[in-house]
Amino acid sequence: MATFLYRIGRWAFRRRRRVLGLWLGVLVLAGLAAALAPAAEEEDLSMPGTESQKAFDLLDERFPESNSQGAEARLVFRAPDGQRVTAREHKAAVEDTLGSLDGGDQVASATDPFETGAVSKDGTIAYSTITYTADAVDLTEPTKSALENAASQARDAGLTVEIGGSALESEESPGGTTEIIGVAVAALVLILALGSLVAAGLSLLTAFVGVAIAFGLVSALAVPLGLTSTVAILALMLGLAVGIDYALFITSRFRDELAQGSEPEEAAGRAVGTAGSAVVFAGATIIIALVGLGVVGIPELTKMGLGGAGAVALAVLVALTLVPALFGFFGRRILSRAVRKATRPGSGRPHPVPTAAGRPGLGTRWARFVLRRPVPVLMIAGLGLGAVALPVLSLELGLPGDESKSVETTQRRAYDLLSEGFGPGFNGPLTVVVDTSSSSGSADALATTDQVAKTLRGVEGVASVGDPVLNETKDTAVLTAVPQTAPNSGETKDLVNAIRGAVSGVEADTGAGVHVTGKTALNIDISEAMSDALIPYLTVVIGLAVLLLMVVFRSILVPVKAALGFLLSVGAAFGVLVAVFQWGWAADVIGIEQTGPVMSLMPILIIGIVFGLAMDYEVFLLTRMREAYVHGVSPGEAIVNGFRHSGRVVAAAAIIMVSVFAGFIGMSNPTIQTMGVGLAAAVAFDAFVVRMAIVPAVLALLGHRAWWLPRILNRVLPNVDIEGEKLSRHVPASATEPDTAVTPLAVGRHQR
């Protein structure tokens, strides 16, 4: 692997104009494809195979004239204080408002609250349901404007009017202030870490090229593959974070090789052959984790995983080819000015920078501190992460609705008005579908439907049951059951399960099919599916990644330690999510105005992404340790060597990644907002606590055993040479530091 990548690095350096031209051509083509592609359509979240999704599919089949998951709006009217909405002047204002919508473009129906009884008991609040012939994302701007104008008309008549439902939902797009701040912080960290504007700019430039191509491809393929804006934002988030990090690692190694006396072309080859090997395997772990999201069975989650994996794959290709090509243009200007001055000129070849006799760097001092006190460091770090993870015991899962929106939005105010006038469960009605197609006649179908309605009214927790609506063939009926509790409450989840258990008796007696669905039931089914899929997903992803790390480091304990450390960091990240999104800690600071359950997609999505990113730091940090160890250095000094060379770079990379993820917290999309908090916290915990404290402490306690591999596995597993040992045999070696210069006998001793 190292030799192959070494050749790629030198080839890209020599053919830099060709490589740069190829990438610019791909960038232009991706941009043109995105510009010419039709606008993407947001898809409803679905979970094939669940009862609620089967019911939605049945409704679409039996009620073809309606869209079971189409756009819907609720106009909620409230009379002024001390007055009733049923007063003549207010009633006339409501009817005029609805009359302006009736028959409008894309409007299927608009109910009259005074005819349907949609008026609160005290007569102060009423609502009208407007259904549309299209999904929310397909509603035109004139249609939305007509809805807002109708609400303004009623407000002019003295009523308080708010709009709930999905009709006003909008697609989230990147490019806000917080994302720009995140990138600015990343640029500042790069400049401080590398001490060179050229080196920092190179890392940012190559990352932007990869992200732009990935974003363009996702946009171009959005319609044929059904990719949503969330997929594009995730690709942008991941591509930017790993793209900067991968370029940073290879650039840092290139600078080390230059400073040690290598010619620029040789340094580029060695940088790609060594750090590039780590990039390949780090990227592979992320891709495995993201592609593995497909085992859950949620199409949207699968697309998010594939989109993110594609962005990471592009970041790896850019790092291996475009980065060394740009080395050819900038050469020794990649080095900081101080290092360039310290390098003595010779006969066309720079000499190694003299070893500094001053105080060791922070990474070296920290590593030696951990070596002296591994047990206290391990205990403090482990117990600290455990304490942060404690809130996860209160984790509640759900999907966000209007209740999670800001109180400044009309959707949230409509939600609150409906809860006040009709009870908290009114915002999450359950749809019960009765399939009597196997019955012998319409009389039996009506009798079965009546029996189902009677059963529903007898279930504790049901506030009301509406009259059934039958399709034209009278073989399918729809009833609406309103819970007494809020949509995301645990009591409502128990109620859904209780209803399904109660109607099973009707199914057994009549042979009819009875299905409970609706947005609330679908959310509950997805949350349960997430929980059921978590263990299989972890088994597949962690198993494959551990095997991959076993090949990389030729060790059993190192991959196992990496997996256990990941569980600690992700557990702490979930604790932060619970504290922020459920308990409201620091919620105001990051712009979260309403607490509630954590999104049901988040645990498995964050696990998939964070596992790959955690292995990034594991690979980059331990590669230098492994490299020193196989060259004869003692286990303790190998740890110091790893921190001396990679500690500062890994810390900078982690700060960059945290900054990029935190930059997306300001978006209004709950999925992206939750993901930003979770990923930023997880990366911070994993990089600075697990990899910087727990990993060296465990390795110090294990000693030589950390790098032990049974002979049978040593023969079976391929040797990918991530530490670049073969480069020392087949290509000229650059000068090495005194503490890593060893004899061939020492190398053979550690390999055995």
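**Exercise 1. The largest cavity**

Identify the residues that lie nearest the centre of the largest cavity, and state how many residues line this cavity.

Solution. Step 1: the lining comprises 13 residues, and F249, A275, F620, R624 and S646 are those nearest the centre. A cavity is a set of points, on a 1 Å grid over the protein atoms alone, where a 1.4 Å probe fits but cannot get out; lining residues have an atom within 4 Å of a point. The model is a predicted one, in which local features need pLDDT of at least 70 and side-chain atom pairs count only at pLDDT 80 or more, whereas totals for chains, interfaces and linings use all residues. Residues are numbered from 1 along each chain as its sequence is written, and side-chain values use heavy atoms, with hydrogens and water left out.

Step 2: the volume of the largest cavity is about 160 Å³, and the structure holds 3 cavities of 30 Å³ or more. Grid points are joined across faces, edges and corners, and the volume is the space filled by probe spheres set on the points.

Step 3: at least two lining residues come from each of helix 10 (229-259), helix 11 (264-291), helix 21 (602-630) and helix 22 (635-662). Helix 10 contributes the most, with 4 residues. Helices (H or I, at least four residues) and strands (E, at least two) are DSSP runs, numbered from the N terminus.

Step 4: by residue class, the lining has 5 nonpolar, 5 polar and 3 charged residues. Here Ala, Val, Leu, Ile, Met, Phe, Trp, Tyr, Cys and Pro count as nonpolar, Asp, Glu, Lys and Arg as charged, and the others, Gly among them, as polar.

**Exercise 2. The overall fold**

Determine how many helices and strands the protein has, and what share of its residues is buried.

Solution. Step 1: the protein contains 26 helices and 11 strands. Step 2: of its 752 residues, 55% are buried, where buried means under 20% relative accessible area, exposed over 50%, and partly exposed in between (1.4 Å probe, protein chains only). Step 3: among contacts (heavy atoms within 4.5 Å) between residues at least 6 apart in sequence, 80% join residues at least 24 apart.

**Exercise 3. Salt bridges**

Describe where the salt bridge partners E420 and R78 lie in the chain, and then examine two salt bridges within helices.

Solution. Step 1: side chains of opposite charge can pair when their charged atoms come close. A salt bridge is a side-chain nitrogen of Lys or Arg within 4 Å of a carboxyl oxygen of Asp or Glu, and the whole structure has 18 of them.

Step 2: E420 and R78 form one salt bridge, at 3.0 Å from N to O. This pair links distant parts of the chain, since E420 belongs to helix 16 (residues 410-422) and R78 to strand 1 (residues 72-78), 342 residues apart. R78 is partly exposed because its relative accessible area is 25%.

Step 3: in helix 10, R253 and E257 are 4 residues apart and therefore separated by about one helical turn. Their side chains meet at 3.3 Å, N to O, and both R253 and E257 are buried.

Step 4: in helix 11, E266 and R270 form a salt bridge at 3.0 Å, N to O. E266 and R270 are also 4 residues apart, so about one helical turn separates them. E266 counts as buried because its relative accessibility is 11%, and R270 is buried because its relative accessible area is 7%. Salt bridges with shared partners join E266 and R270 with R10, R14 and E265 in one network.

**Exercise 4. Surroundings of T517**

Establish whether T517 is buried or exposed, and which backbone oxygen its side chain reaches.

Solution. Step 1: T517 lies in strand 10 (residues 513-517). Step 2: T517 counts as buried because its relative accessibility is 0%. Step 3: its side chain reaches the backbone oxygen of S52 at 2.9 Å. Step 4: beyond its neighbours within four places in sequence, T517 is in contact with S52, A55, F56, L430, T431 and V433.

**Exercise 5. Positive phi in two loops**

Locate K474 and R554, and determine whether each is buried or partly exposed.

Solution. Step 1: most residues other than glycine have a negative phi. Step 2: K474, which is not a glycine, has a positive phi of about 60 degrees. K474 sits in the loop between strand 8 (469-470) and strand 9 (476-483), and is partly exposed because its relative accessible area is 42%. Step 3: R554 has a positive phi near 50 degrees. R554 occupies the loop between helix 19 (519-553) and helix 20 (557-582), and counts as buried because its relative accessibility is 8%.

Terms used. A polar contact is a pair of N or O atoms within 3.5 Å; within protein, one must be able to donate a hydrogen and the other to accept it, and residues adjacent in sequence count only if both atoms are side-chain atoms. On a 1 Å grid over the protein atoms alone, a cavity is a set of points where a 1.4 Å probe fits but cannot get out, and a pocket is an open set with protein on both sides within 12 Å along at least five of seven lines; lining residues have an atom within 4 Å of a point.
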